[in-house]
Amino acid sequence: MAGPNELMAAIADVGADRRRGGYSRHVFDDAERELREWFFEQAEARDLRVTTDRNANIWAWWDEPGDDAVVTGSHLDSVPGGGAFDGPLGVVSSLSAVDLLRAKGFTPRKPLAVVVFAEEEGGRFGVPCLGSRLLAGTIDADRARALRDPNGVTFAEAMRFFGADPARLGRDEEALRRIGQFVELHVEQGRGLIDLRRPVAVASSILAHGRWRFRFGGQGNHAGATLIADRHDPMLPASRLVLEARRIAEGVDGGRATVGRLVPNPGGTNVIASAVDVWLDARSPDHRSTRSIVEDLSGAAGEFAAAEGCQVEVVEESYGDTVHFDAAFRDQLSGLLDDAPALSTGAGHDAGILTAEVPTAMLFVRNPTGISHAPEEHAEPGDCDSGANALARVLENLAG
């Protein structure tokens, strides 16, 4: 029987990013494929029945698949240069919970499965929770097939290279019908449990959030031969947008606005860019405030572009409204876990996508740094054990 810490140690070298620090594991790349193979091996070693669905999500069943199943799991991919625990902790804790339940002789009355969702972070193709969105049909399959990574490879092409059929992408009624309840364990991505001095919490809500691409178009030219007065440099309005995002978000209660990626084209040191793509991540506690942030920034971007003789196009790449997890289900889990506190989260999760389809809940494990999406993300070994034990207790209650 392997605990979550031993399982985390087994994958500690997979996808280590020497340039950025942390880990870079993106759907269908070498690191993510290696993690998929590792999960298959771990599941089969536990006599779990493993399949991959039409949307590249992996399912490992305790016995035969069936309806009204209790399902747990998370994801194995990461953001560029992300931490070790975001995603994998939920997967290894699910495997560890299976071990804990079997060690005590538990036999589930309901079907029970561990799921690994594909492309949760959107680190390669830009849309977060892509596997669960496809499963639930909240993203059009044609749009998903056409998504491109930074090298121009489409999601459809990547699937074919992986050995899967992109023609089968889309809402999976059979898989959805089988999920009776879904519980996702995740490392906390904030400081709530530090302040509460508790190792485990249950989720109450997820902020409304999305991603938008601002494409500023100008005139590429020579950095030395072009006078300042003659320039139409898209980097200027792009730079002003980064600063304006902070200013506008500070005026919204609970608002967040982040530019984590800015790509000039062609990207030469001595070249005035012809275009600059800026990706905005905007979040707030409610739909109206999040949309207001984006609307205000879109208006400002148009003014900034016009002042430099440039143009701007704004495209919404993904959006998720505020999620409120089912209060009765949340309170049920809290009661099972010694009145574990309820915490809201600013991070998106596959569990949030599934709330519109099935009863869904989340467990958070304390992160003593309060840092996530960065190499400093952490969870203490004892807290990881507490999380796996809490998940096992929940699964025993739901499936017993």
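## Buried charges, salt bridges and a pocket in a predicted model

Asp149 is buried, and Arg124 is buried as well. In this predicted model, the side chains of these residues, Asp149 and Arg124, meet in a salt bridge, with N and O 2.9 Å apart. The pair links distant parts of the chain, 25 residues apart. Asp149 sits in the loop between α5 (141–146) and α6 (155–162). Arg124 sits in the loop between β4 (112–117) and α4 (130–136).

The overall fold was considered next. The secondary structure of the chain comprises 13 helices and 15 strands. The radius of gyration is 22 Å, close to the 21 Å that the globule rule gives for 400 residues, so the chain is as compact as a globular protein of that length. Along the principal axes, the C-alpha atoms fill a box of roughly 80 × 45 × 40 Å. Of the 400 residues in the chain, 55% are buried. Contacts reach far along the sequence: among those between residues at least 6 apart, 77% join residues at least 24 apart.

Val71 gives a local view of such contacts. This residue lies in strand β3 (residues 69–75). Val71 has a relative accessibility of 1% and therefore counts as buried, the limit being under 20%. Neighbours within four places in sequence aside, Val71 is in contact with Trp59, Ala113, Val115, Ile179, Gln181, Phe182 and Val183. Two of these partners, Ala113 and Val115, carry numbers that fall within β4 (112–117). Arg20 offers another reference point for Val71. The two residues are 51 apart along the chain, and their C-alpha atoms are separated by 34 Å.

Charged pairs were then examined. Side chains of opposite charge can pair when their charged atoms come close. The count for the model comes to 20 salt bridges. One of them joins Glu244 and Arg247, with the closest N and O atoms 2.7 Å apart. Both residues belong to helix α9 (residues 235–250). Because they are three residues apart in that helix, about one helical turn separates them. Their surroundings are not alike. Glu244 has a relative accessible area of 14% and is buried. Arg247, at 52%, is exposed.

A further salt bridge brings together the side chains of Asp383 and Arg366, at 2.8 Å from N to O. This pair links distant parts of the chain, 17 residues apart. Asp383 belongs to helix α13 (residues 381–399). Arg366 is placed in the loop between β15 (360–365) and α13. With a relative accessible area of 9%, Asp383 is buried. Salt bridges also form a network, which links Arg171, Glu173 and Glu357.

The second largest pocket holds about 260 Å³ of space. Its lining consists of 17 residues. Gly320, Asp321, Val323, Gly352 and Ile353 lie nearest the centre of the pocket. Strand β12 (311–320) and helix α12 (350–354) each supply at least two residues of the lining. By residue class, the lining divides into eight nonpolar, seven polar and two charged residues.

Several backbone features stand out for inspection. The peptide bond from Asn265 to Pro266 is cis, and its omega is near 10°. Pro266 is found in the loop between β9 (256–265) and β10 (271–272). Phe28 has a positive phi, near 70°, although it is a residue other than glycine. The loop between α1 (4–10) and α2 (30–45) holds Phe28. The relative accessible area of Phe28 is 5%, which means that the residue is buried. Asp47, also a residue other than glycine, has a positive phi near 60°. Its place is in the loop between α2 and β1 (49–52). Asp47 has a relative accessibility of 61%, so it counts as exposed. Phe28 and Asp47 thus show positive phi values in opposite settings, Phe28 being buried and Asp47 exposed.

Technical notes
Residues numbered from 1 in each chain as written. Heavy atoms only, no water. 1 Å grid on protein atoms, 1.4 Å probe; cavity = no way out; pocket = protein on both sides within 12 Å on 5 of 7 lines; lining within 4 Å. Points joined across faces, edges and corners; volume = space filled by probe spheres on them. Helix = DSSP H or I, 4+ residues; strand = E, 2+ residues; numbered from the N terminus. Nonpolar A, V, L, I, M, F, W, Y, C, P; charged D, E, K, R; others polar. Salt bridge = Lys/Arg side-chain N within 4 Å of Asp/Glu carboxyl O. Buried < 20%, exposed > 50% of the residue type's maximum accessible area, 1.4 Å probe, protein only. Rg over C-alpha atoms; globule rule 2.2 N^0.38 Å. Contact = heavy atoms within 4.5 Å.
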